[in-house]
Amino acid sequence: MIKLDTTSARSFLKDGHLEEARKASEQSLHALLTKTGAGPEWLGWLDIMKNPNDALLSEVSDLAAAIRKDADVFIICGIGGSYLGAKAVIDALGSFFPGKLPEIIYAGHQMSARYLNELVAYLGEKKPDGSAKSVYLNVISKSGTTTETAMAFRILRDWMQSSYGADSKKRIICTTSESGGALNKIIEANGYKKFVLPDNIGGRFSVLSPVGLLPIAVAGFDVQSLYYGAVAEYERILKTPNDRLEYTGMRYALYKSGFKVDVIASFEPELKSFGGWMQQLMGESEGKNHKGLYPAVHAYSTDLHSLGQMVQDGERNLIETFLVVEKPTSDAKLPSDPDNYDGLNYLAGKSIHEINTKAYLGTRSAHHDGGVPVMSIHIDSISEESIGALIFFFEIANRVYVYNLGENPFDQPGVEDYKKAMFRLLGKE
Ligand code: PA5
C-alpha cells in the first residue's frame, strides 16, 4: 500500500495554492479517466488495467519459464521505454550479485562499439565445462526503426545466426507494434516469435505490456503479481483519489511557485533504476514548451557525498521526492568490537535498516530546513505487488500533472530533433 507524506513541503506554499492545484488535478484526472484530455488515442495503458489480459500473462510466463530452463544469457535489446521499465523492476526485485542464470544483459540502449565488441566476445566465451553459452535475445522496439536498437540487433542477430544457425530462430523474440516498421519486415522474413505492443500504448507506458513483462518474467519474477499490484492501485485511485491527487497537486503547486528541479531520491540503492524509469516518464512527458520540473535521480546515501552539498546549499530551486521502503528486503546488525578504534560501538546491536532510516529522517529534516520542499512516498516492502502499484501510481500521477500544465503527456517531439540533426549529418534519405 502506498502512503504519501507531504508535511515537509506544505510550508513552502502560499495559502490557497495547494487547494487550487488540487482542484486542477481533480479536473485533469477526470479528463484522463473519461478520455477527454489531450492524446485520448494513447490511453491503452489505462485500458489494460480495466481489462487485464490473463491469457497474455500466462503466455509470457510460460515462454519465460521455457527460456529460463535453457538460457545462460538473456539479452534485452531496446532503448528508452523499451528497456527502462524492465530494468527498474529487475533491479528493484533482484539481487545485487545475481549469480543465478539466466544472466540479464542490456544492449541497444547506446551507441558504443566497445560495448558491443566486448558483449559479442563475452557471448562467445565458453562455459567452465567447455560448452557454448545458450543465449536468447529479446529485441524491443515499438517503431522498429530506432537506430541504437536496430544497430545492436543487426550485430547480435549476425552473431546468433553464425553461432546457432537455424536454431537462432527460436532464440530471437521480437516485441514491436502490430504492423509497419523495419522490425516487422525482419520478423516476417525470418519467422521470429513476436509479441505486440498495442498502438495505443506509448514506449514509456509499456512496462506492463510484453515490452516489460517478458524480460521481467525471464529474470525470474512473478509478472501476475506485478500486474495485479498495478491493477489494485488503479482501483484505489478510482475509489479514493484524494490522497493520490495530493501528490500531483503538491508537485504542481510547487512548480507554479518557482521550483524547477525534482530530485527523486531513495536510501535503497536497488531503487535507483526505478528512478531512471521515473526520469524518462517525467522528462519525456512534461518537458514541453519550456515547462516542467527537471527530474534528477539521486541514490542515497552515496550521492549525499557528492550532490548532498548542492541539495543542501546550492541554488534554491529544488524539490525532493523520497521513495521510502518501510521493511527492508534483508537486514543486518552492526557487531560490537572490543577495541572500538572506529568509534562505532554506539551503534553496535542496531540494525543497518534502523541506521539507514535515521539517515533518511536526518537528511529529510536538514534538506527541508535548508529550503527544499520534501515529499515522501512510502511502500511497505519491495515486492512484485508494491512495485506494480508504484508503477501505476507514477504513471497516473504524471499524466495528471502534465494535463495540469496544459500539455500532451503522450508525445515527445523534442526527442525527434536530435534524430533529425543526426540523420542529416549521416546522410540518411
Ligand atoms: O517513450 C517513448 O516512446 C520512447 O522513449 C521510446 O520508448 C524510445 O524512443 C524507443 O523507441 P522504440 O521502442 O520505438 O525503439
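This passage describes the surroundings of the ligand and the setting of one arginine, Arg204, in a predicted model.

The ligand occupies a space that is the largest pocket of the predicted model. Around the ligand stand 13 residues, and those that come nearest are Ser82, Ser141, Ser143, Thr146 and Gln280. When this shell is sorted by class, nine of its residues are polar and three are charged, while one is nonpolar.

Several polar contacts join the protein to oxygen atoms of the ligand, and both backbone and side-chain atoms take part in them. From the backbone, an N or O atom of Gly81 lies 2.9 Å from an oxygen atom of the ligand. From the side chains, Ser141 places an N or O atom 2.6 Å from an oxygen atom of the ligand, and a polar side-chain atom of Glu284 is found 3.0 Å from a ligand oxygen. Of the 380 Å² of accessible area that the ligand has on its own, 88% is covered by the protein.

A second site of interest is Arg204, which belongs to the loop that runs between strand β6 (193-196) and helix α9 (210-218). Although Arg204 lies in a loop, its relative accessible area is 3%, and because this value falls under the 20% limit, the residue is classed as buried. The side chain of Arg204 has polar partners at two residues that follow one another in the numbering, Asp411 and Gln412. With Asp411, a polar atom of the arginine side chain lies 2.9 Å from the backbone oxygen, whereas with Gln412 the polar contact is made between the two side chains, at 2.5 Å.

Conventions: Residues are numbered from 1 along each chain as its sequence is written. This is a predicted model: local features need pLDDT of at least 70, side-chain atom pairs count only at pLDDT 80 or more; totals for chains, interfaces and linings use all residues. Side-chain values use heavy atoms; hydrogens and water are left out. A residue is near a molecule or strand if one of its heavy atoms lies within 4 Å of it. A polar contact is a pair of N or O atoms within 3.5 Å; within protein, one must be able to donate a hydrogen and the other to accept it, and residues adjacent in sequence count only if both atoms are side-chain atoms. Accessible areas come from the Shrake-Rupley method with a 1.4 Å probe; for residues, only the protein chains shown count as cover. On a 1 Å grid over the protein atoms alone, a cavity is a set of points where a 1.4 Å probe fits but cannot get out, and a pocket is an open set with protein on both sides within 12 Å along at least five of seven lines; lining residues have an atom within 4 Å of a point. A molecule sits in a cavity or pocket if more than half of its atoms lie within 2 Å of its grid points. Ala, Val, Leu, Ile, Met, Phe, Trp, Tyr, Cys and Pro count as nonpolar, Asp, Glu, Lys and Arg as charged, and the others, Gly among them, as polar. Helices (H or I, at least four residues) and strands (E, at least two) are DSSP runs, numbered from the N terminus. Buried means under 20% relative accessible area, exposed over 50%, partly exposed in between (1.4 Å probe, protein chains only).
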